[in-house]
Amino acid sequence: MITKRIIPCLDIRDGKVVKGRNFEGIRDVADPVEMAAFYNESGADELVFYDITASVEQRQLFTDILTKVASQIFIPLTVGGGINTIDDFDRVLKCGADKVSVNSGAIRNPQLIEEGAKKYGDQCVVLSMDIKRVDGKFHLFAKGGREDTGIDALQWTVDGVNRGAGELVVNSIDTDGVKEGFDLELLDEIAARVNVPIIASGGAGKMEDFAELFRHPGIDAGLAASIFHFKEVAIRDLKTYLRGEGVEVRL
Amino acid sequence: MIAVIDYGVGNLFSLTASLNYIGADVTVTADKDVLKAADKMILPGVGAFRDAREKLFATGLVDTLYEQVEAGKPLLGICLGMQMLFDKSYEYGEWDGLGLIPGKVRYIETDLKVPQIGWNSISIKEDPLFKYTKDGDFVYYVHSYCATECGQDTIAVSDYHVPITGAVHKGNVWGTQFHPEKSGNVGLGMLRAFNEL
């Protein structure tokens, strides 16, 4: 049977993995190629690389790293961060990405989803969204979750899939960093509206959170960063545990 | 040398990188003479059937491809490249395939999400392609259409609430619906086995 996927996310800046995105003051960094190899050996089902660099020189460093990883590790690689034009799709796909994740770029120009899907296929376009409750409604946020767009996130999701997004990453700002479980209410709302794979992000703190997540049949994958980076949860242990809980996983 | 047929469909980075990784000699080509000189051929492909089929025929390589298969040269089709090996596809219409393996490509009729995206286990028959593969190993799929009516040529099946034809083999032609170049060590093992044929 098809398995539920466990996906570590690597934020890359200055050619290094920044481990502590959600924790002020933590400057712990690691070599992305080594880390990717480690996760591959540990049973990660895919890897997501976010380019959080600012300058052109650093962007070059990022694509060099991507090429290095993609030449040694043969599981699906998704790249996000700074994807604003179809040229950005070309750039990262040429360097070994399999899927391209769009977020703020698609908010500025929703056409980007269609362009990417038309040129590379729906399976290549991952729509990533930062969502937060505002006055009881789910709002879509831009710029790494810093800016409320006022857009209804549930409608945005449906529109995105209609435009050709082949997978969704749903990141809940409300649960992100809290480590008390995924935002199941939000995830269920989205799962009820679309029929593409949903990757849940934000809130994983322990193994039980993933078991709880996968009791919701509309969710296909769980994405996390810090709990894997700081070895609070080892992916192989997590998968062994999930299998014991009756969740289909690749071991 | 393995010739990877380049007809402008999909991203060949992972495929060439994985073949390089296992030590195969790889050339990405749209040149008849390179196909003729190759020991083995791979037909990749991602996207829509009709578009890919038109692009493949537009290369003018199809006659050479038939001739080389006829001469016994191993051919591996991957994903859409596999789907093109069959008689017909019913993706947005009805299209003739290459007819190298009997079978028809149809939309996956399942109660699960389509496309199937992710890792699924395979039940395998004994086959030279699976020299390094175990029954129950996991492979990575991304597809909305699937080969049916392949009969005894089916060598791997996955369960997606309906049986999914994972791989086929007839004579010197193989096809995998999943992506060996994205299936970790399991996939690398299959590429190694193909390289060693």
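## Contacts around A200(A)

Two residues are in contact here if their C-beta atoms, placed from the backbone, lie within 7 Å. With that in hand, we can start at A200(A) in this predicted model. Leaving aside neighbours within four places in sequence, A200(A) is in contact with V170(A), F182(A), L187(A), L213(A), I219(A), A221(A), G222(A) and L223(A).

A200(A) also has a place in a wider grouping. The largest nonpolar core has 80 residues, and those that touch the most other members are L66(A), V100(A), L168(A), V170(A) and A200(A). V170(A) thus turns up twice, as a contact of A200(A) and in that group of five. There is also a second, separate core of 61 residues, which includes I2(A), M41(B), V139(B) and I164(B). As background, nonpolar side chains tend to be buried together in soluble globular proteins.

## Where the chains meet

Which numbers of residues from chain A and chain B are in contact? From chain A there are 24 residues, and they are in contact with 27 residues of chain B. Sorted by class, the chain A side has nine nonpolar, eight polar and seven charged residues.

Helix α1 (residues 13–21) of chain B is a good place to see parts of both chains together. Its buried residues are F13(B), S14(B), L15(B), T16(B), S18(B) and L19(B). The elements that cover them include α2 and α3 (86–94) of chain A, along with β1 (2–5), β2 (26–29) and α6 (184–195) of chain B. After α1(B) comes G23(B), with a positive phi near 90°.

## A helix pair in chain A

Helix α2 of chain A, just mentioned as part of that cover, also packs against a helix of its own chain. Helix α1 (residues 32–42) and helix α2 (residues 56–70) of chain A pack at an angle of about 35°, and their axes are 9 Å apart. Their crossing is right-handed.

Which residues make the contact between α1(A) and α2(A)? From α1(A) come P32(A), V33(A) and A36(A), and from α2(A) come I65(A), K68(A) and V69(A). By class, the residues of this contact are five nonpolar, no polar and one charged.

## A four-stranded sheet in chain B

Chain B holds an open sheet of four strands in the order β6-β5-β7-β11, with mixed pairing. Why do two of its strands have one side without a neighbour in the sheet? β6 (95–96) and β11 (145–148) of chain B stand at the edges with a single partner strand each, so one side of each is left without a neighbour in the sheet.

The mixed pairing can be followed strand by strand. β5 (residues 88–89) and β7 (residues 104–107) of chain B pair in the parallel sense over two bridges. Here K88(B) stands opposite K104(B), and S89(B) has V105(B) as its bridge partner. By contrast, β7(B) and β11(B) pair in the antiparallel sense over four bridges, with Y107(B) opposite Y145(B).

## Loops worth a look

Is G45(B), in the loop between β3 (40–43) and α3 (49–58) of chain B, buried or exposed? G45(B) has 23 C-beta neighbours inside 10 Å, and so counts as buried. Beyond residues up to four places away in sequence, G45(B) touches V9(B), G10(B), A52(B), I78(B), C79(B), L80(B), G81(B) and M84(B). The C-alpha atoms of G45(B) and L56(B), which are 11 residues apart along the chain, are separated by 9.9 Å.

Some backbone details in other loops are worth checking too. In chain B, the loop between β7 and β8 (116–121) contains P115(B), and the peptide bond from V114(B) to P115(B) is cis, with omega near 5°. D14(A) is not a glycine, yet has a positive phi of about 50°; this residue is found in the loop between β1 (5–13) and β2 (16–18) of chain A. E149(B), also not a glycine, has a positive phi of about 55° and is found in the loop between β11 and β12 (154–159) of chain B. D14(A) counts as partly exposed because it has 14 C-beta neighbours inside 10 Å, and E149(B), with 15 such neighbours, counts as partly exposed as well.

Notes: Residues are numbered from 1 along each chain as its sequence is written. Chains are lettered from A and ligands numbered from 1 in the order in which they are written. This is a predicted model: local features need pLDDT of at least 70, side-chain atom pairs count only at pLDDT 80 or more; totals for chains, interfaces and linings use all residues. Two strands pair if DSSP finds at least two bridges between them. A residue is buried if 20 or more other C-beta atoms lie within 10 Å of its own, exposed if 12 or fewer, and partly exposed in between; C-beta atoms are placed from the backbone. Ala, Val, Leu, Ile, Met, Phe, Trp, Tyr, Cys and Pro count as nonpolar, Asp, Glu, Lys and Arg as charged, and the others, Gly among them, as polar. Axes are lines fitted to C-alpha atoms, for helices over the stretch in contact, and angles run from 0 to 180 degrees between N-to-C directions. A crossing is left-handed if the near helix is turned anticlockwise from the far one by less than a right angle, and right-handed if clockwise. A nonpolar core is a set of buried Ala, Val, Leu, Ile, Met, Phe, Trp, Tyr and Cys residues joined through C-beta atoms within 7 Å.
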